[in-house]
Each structure stands twice: as structure tokens, then as C-alpha cells.
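I sat down with this model today to look up a metal site and some ring contacts. Here are my notes, in the order I took them.

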Amino acid sequence: MNYGSRRETAEMMVQGMSVSPGVAFGPAFLMKTDEEPVVSRRLQPEAAPAELERLAPSIDATREQIQTIQRNVSQHIGLHDARIFDVHLMVLDDQVFIEEIREEISERLHNAEYAVWMVSERYIDALSRIQDNYLRERKMDIKDIARRLLRYLGGWQSAVRDIIPPGSIIVADNLAPSDTAILRQELAGGLVCDFGSPVSHSAIMARALEIPAIVALHDITRRVVPGETLLIDGNNGLVFIRPTAERIKTYDALMDRRHRLRVDIVNRASGVPSAMQDDVVVALRANIDTPADLDDVIKYGGDGVGLFRSENIFIKEGLYSDEQSQIDVYRVLVERMQQHPVIVRTLDLGGDKIMPDNQVVREDNPFLGCRGLRFCLAETDVFKIQLRAIATAAVDGNLKIMYPMVSDVNELLKANDFLRGVCEEAGLAMPAVGVMIETPAAAVCADAIAPHVAFLSIGSNDLIQYTMAADRGNDLVSHLFQPAHPAILRLIKTTIDAAAANDVPVGLCGEMAGDPLLVPLLIGLGITDLSMVASSIPLVKMVVRSLSMTEARALADEALASRSGNDVQQHCREWLQQRVPDVYELIG
Ligand code: PEP
Ligand code: MG
């Protein structure tokens with residue numbers, strides 16, 4: 001691929017969907033997450049030496065790439081995580097593996113790409129049949145090596161994929177949860193994606209890391225040349241490719257103003273209680289992906305962790321993640337949160353949360369398939385290890401378990417049977433158990449679920465997707481993804497009523513909880529326990545402190561009677577603009 005051949009100089013503006021506010025300016029760093037098909041070509045015998053010559057630099061470049069990633073990860077994330085790449089380097093230095101690829105080229109006359117693919121598939125197949133969990137998981141390393149070699153051979157710029165120059169704007173088709181390490185290196189200044197929506201994982205991640213992000217740009221990966229300058233306006237969803245000096249000057253002033261505004265809000269929110277005008281306290285907890293996120297929870301004064309998305313442990317370590325390393329992670333959470341509660345959601349795989357090596361069987365409708373608790377009830381070995389690890393760490397602190405994607409009370413009862421079993425066997429106490437209400441069935445039948453749990457937590461991201469029948473990551477139907485739609489508000493109300501009738505607390509941990517526009521509405525409906533990305537806590541706290549319960553209830557009553565989600569949203573917007581203008585300006 002020759003990027004250099006289509007250089008343009010004029011500024012170009014592209015409109016997308018804003019999902020994380022702020023302004024960023026920097027060189028484009030192109031990333032591609034989908035895979036190119038491997039093409040098989042039969043070589044003439046005289047072409048084999050040239051093909052072998054093509055292979056050699058791909059091995060060197062891949063080794064160099066991995067060493068650079070290892071250094072970056074070690075520097076920014078930690079030595080332990082960096083050791084993961086030792087196995088990659090061993091594979092690349094394995095003469096048998098490399099020799100087999102060379103033989104496919106020189107003796108069987110396959111092109112280099114096909115030879116790499118064939119040999120790695122052979123190894124992956126052999127590893128898949130091994131009993132030992134650790135060795136079986138090493139097939140992921142082979143897959144990763146093959147992917148990098150193939151990308152180099154195909155000429156894609158991924159040779160620099162993990163070596164992000166500081167301040168770069170990441171330009172991607174989409175980001176999978178397994179790509180989080182790239183953003184976590186804290187080198188990215190901003191993110192723009194072809195696909196996505198406000199609740200896609202790349203958007204959630206960008207908000208957590210406080211970097212501006214714009215999604216649903218459709219063809220931004222084709223419009224942008226690696227290294228060229230981008231200016232992104234995360235409040236208005238605008239991307240300027242090759243911005244003019246005038247444009248940069250205007251945005252510089254804006255960036256400065258927003259920065260001062262945010263610092264001022266964070267300072268005013270710090271150390272004061274999250275209490276309403278009439279002293280009702282609203283708990284503000286954090287949604288986190290890794291223990292590293294706890295720094296922000298502490299910095300912004302979060303009341304514990306309302307949602308730990310445990311998928312990341314498995315994405316990093318494989319499905320059969322070692323029990324002790326899970327216990328270590330959960331212990332860090334409770335130790336650092338001290339008396340505050342920490343809610344660990346059991347593995348929520350499936351839908352858009354796919355393991356990098358496709359261990360999940362291919363399904364036509366993954367969002368309606370074997371995801372969340374359904375997957376755990378099918379893969380009981382994986383589930384039992386996680387339950388035992390959580391119960392073990394719960395001995396040391398306020399750790400609770402939460403099951404995702406429940407549609408039927410029997411799924412919950414079955415999961416609790418497993419939990420009871422592992423606890424009895426290990427002589428451990430049963431931790432408190434909660435259920436996420438994220439399917440319409442669970443919301444409508446919350447009265448059947450509530451008697452069996454210690455708490456409920458509404459997962460509004462999935463609840464909206466399933467209720468409105470609108471894929472949460474698909475911008476073509478994002479106009480239907482309406483958090484303030486009467487259908488959603490009524491399901492939230494049904495859940496709250498069922499929880500109250502059973503004397504069970506109910507919180508909300510979807511993206512709605514961190515949206516200052518919608519917080520008054522949720523409180524008015526009766527939710528006083530909100531869990532969000534940590535960076536939203538100061539903004540939400542300022543909204544809580546400006547609001548009275550009488551006011552919130554009036555807003556909620558009006559919204560429940562409304563026929564249009566857009567009208568409700570507009571009403572909330574007017575309230576915020578009038579009552580908390582600085583927060584409104586920051587998110588506006
Ligand atoms: C949700 O669905 O609202 C939720 C919090 O879970 P996730 O976004 O991880 O699916
Ligand atoms: Mg969910």
C-alpha cells in the first residue's frame with residue numbers, strides 16, 4: 001500500500017459522532033483491527049529465493065516491534081505484563097518454526113504469506129489439542145506472531161502499530177477491548193474511528209482516559225495519511241484533516257478555556273459530599289477495567305467500584321486464567337478501596353466483547369447468543385475458577401459478585417448453585433450476589449429476581465440496545481439508541497419498584513449514570529447509587545449538589561408521562577444549562 005502517492009494539502013473537515021469531549025491536535029497514527037484474507041499463490045521454482053528474501057525482514061521487523069512493545073509496556077504498565085511478550089520472542093527465535101515456513105516456500109513453492117499462515121495454523125491446531133491449559137493458551141501467541149508477520153508482508157503500516165509517538169491521534173476502524181493496551185500507554189492524544197457509538201467500548205475507554213474521541217466517521221481510515229496533522233473537536237464531533245494555522249489558533253484558545261473550566265469543576269467537587277440540596281446522599285461509584293484505573297477512582301473521590309469489568313483479566317491471560325492471579329487482582333481492588341464496596345462482574349464475554357483468538361464459537365447473532373452468564377453456565381470450569389477466586393478475595397474486604405446478561409431467574413439460581421458449591425467445598429463464606437438488569441425480560445420480571453439477590457444494578461447500555469432493538473455499536477441506528485426514551489424510563493421504574501418491594505437496593509452502572517444531562521432524571525426515578533467512568537464523578541457531583549429531590553421527582557414524573565425520548569432529552573438539556581451552566585458548557 002503506498003500512502004505517499006495521494007498527498008493533499010487543503011484542510012478538510014469531517015463530521016462524526018462525539019463520544020468523549022475535549023480538543024486534541026497531533027499526528028495521525030493509523031491502526032487497523034480487522035484481518036486481511038491470506039491469499040495463496042503458487043511460485044515458479046526460480047521465484048522461491050526472492051520469496052525467502054521477502055520473509056527475512058518480516059521476521060526481523062516483527063522481533064523489533066515486539067521488543068519495542070515490551071519496553072513500552074514495561075515502562076507504562078509494568079514488568080509483569082511485559083513478560084507476556086517473552087513467549088512471542090521465543091517463537092520468533094524458534095528455528096524449527098522458522099525452518100518449516102522456509103520449507104513451505106522453497107520446497108512446496110507457496111508464497112510467503114501462505115507459508116506463514118499454514119505453519120502457524122499447524123502449530124495452533126496442535127496446541128489446541130493439548131490438555132494443559134497454560135500450553136493450550138500459547139496458541140494465542142502464535143496467532144499474534146502470524147498476524148504481525150502477515151501484516152508486514154502485506155505492506156500495512158502496522159509495523160508501527162504499537163510504537164505510538166506521544167500525542168498521536170489514533171485513527172482506527174474500531175477498537176476491540178483487547179486493544180486497550182494501546183490507549184493505556186497514555187501516549188494517545190485523541191481517538192477517531194470509522195465505526196462506533198457512545199456506548200461502544202472504544203468510546204467508554206476514551207472517556208475513562210479523558211481523551212477526546214469521535215466515532216462513526218465511516219471512512220476516516222481511508223481519508224487520513226499516516227503522520228499527517230489532525231485536529232479533533234470532541235464536543236462537536238468534528239475532525240479537521242490538515243488544519244489551517246487559523247483553525248489551530250482558534251482551537252488553542254478553546255482548549256485552554258475548557259481545560260481551566262474542568263480544573264475549576266474538579267477542584268470545587270473535591271472533598272465535598274455528594275449530597276443534594278435537601279441532604280439526600282447519592283453514591284458515586286466507578287466503572288473500571290483494570291486495577292490501574294483505581295488511581296482515578298481515588299483521585300476523584302469515588303465511593304468504591306460499582307462495576308469491575310473482569311473481561312480484561314481473561315483477554316490478557318486467556319480463558320483459563322490462573323486462579324491465583326485472579327485472586328491477586330481482586331485483592332488489590334479491595335485493599336485499595338478500603339471500606340468502600342467493590343462489585344466484580346463475572347466474565348461478560350460474547351456480543352462485542354470477543355477474545356482475541358476467537359475462542360467463542362461463531363454465532364450469527366452474537367448479541368443474542370451465548371454471552372454473559374449464558375457463556376459462564378456453559379463453560380462451568382472457567383466460571384467456577386472465577387467464583388472461587390472472588391469468594392477467596394472477599395474474605396479480606398467488601399467484595400461483591402454481579403452476574404451479567406440474565407434473562408431468566410433460573411439462570412441466577414443455577415449460578416448461585418455453583419457459587420454455593422465452590423464456597424462449601426473451599427470452606428468460604430458466600431459473598432453478596434447481585435444481578436445486572438440489562439435485558440427487558442429481567443426488567444419486567446425484576447420482581448422474580450429481587451428476592452434472590454442482595455442488590456440489582458441496571459446495565460442501561462445493553463438494556464437500551466435490547467429494548468430499542470438497536471445495536472449499541474452501530475451508528476446507522478444510533479438515533480434509536482435513546483436513553484431517555486419512555487420505554488427505557490418505564491423499565492427502569494419497573495425495576496426500582498420491584499427492588500423497593502423486596503427491600504433490595506438498586507443502582508445503575510450504564511453510561512447514563514455518568515451523563516450530567518440524565519442524572520437528575522435517574523435520581524428523580526429513585527436511583528441514588530450511580531456508577532460511571534471515574535472522570536465523570538466531579539461533573540455528576542456538581543449536578544447532584546445543585547438539585548433538590550422535589551425538583552428531580554417533578555422532572556421524572558414529566559418524563560414518564562412523555563411520548564418522546566427526544567423531548568425528555570431536550571427538557572433535561574434546558575434544566576442543566578440553566579442550573580449548572582459550567583458543567584453544561586464543558587459537555588455541551
Ligand atoms: C451495560 O450494559 O450497561 C453495562 C454497564 O455493561 P457493558 O457496557 O460492559 O456491557
Ligand atoms: Mg452490559
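My entries on the metal site come before those on the rings.

Ground rules: this is a predicted model, where local features need pLDDT of at least 70, side-chain atom pairs count only at pLDDT 80 or more, and totals for chains, interfaces and linings use all residues. Residues are numbered from 1 along each chain as its sequence is written, chains are lettered from A and ligands numbered from 1 in the order written, and side-chain values use heavy atoms, without hydrogens or water.

**Metal site.** I looked up the magnesium ion (ligand 2) and found Glu-438 (OE) and Asp-462 (OD) as its protein donors, 2.0 to 2.3 Å away. Donors here are N, O and S atoms within 2.8 Å of the metal (3.2 Å for Na, K and Ca); water is not among the atoms, so the site may look incomplete. Glu-438 sits in the loop between strand 13 (433–437) and helix 18 (440–444), while Asp-462 belongs to helix 20 (residues 460–468), 24 residues apart. Helices (H or I, at least four residues) and strands (E, at least two) are DSSP runs, numbered from the N terminus.

Are these donors buried or exposed? Glu-438 is buried at 2% relative accessible area, and Asp-462 is buried at 2% too. Buried means under 20%, exposed over 50%, partly exposed in between (1.4 Å probe, protein chains only).

**Rings.** I counted six aromatic pairs. Rings of Phe, Tyr and Trp (its six-membered ring) pair if their centres lie within 6.5 Å; planes under 30 degrees apart are stacked, over 60 edge-to-face, the rest tilted. Phe-240 and Tyr-251 form a tilted pair, 5.7 Å centre to centre with 55 degrees between planes.
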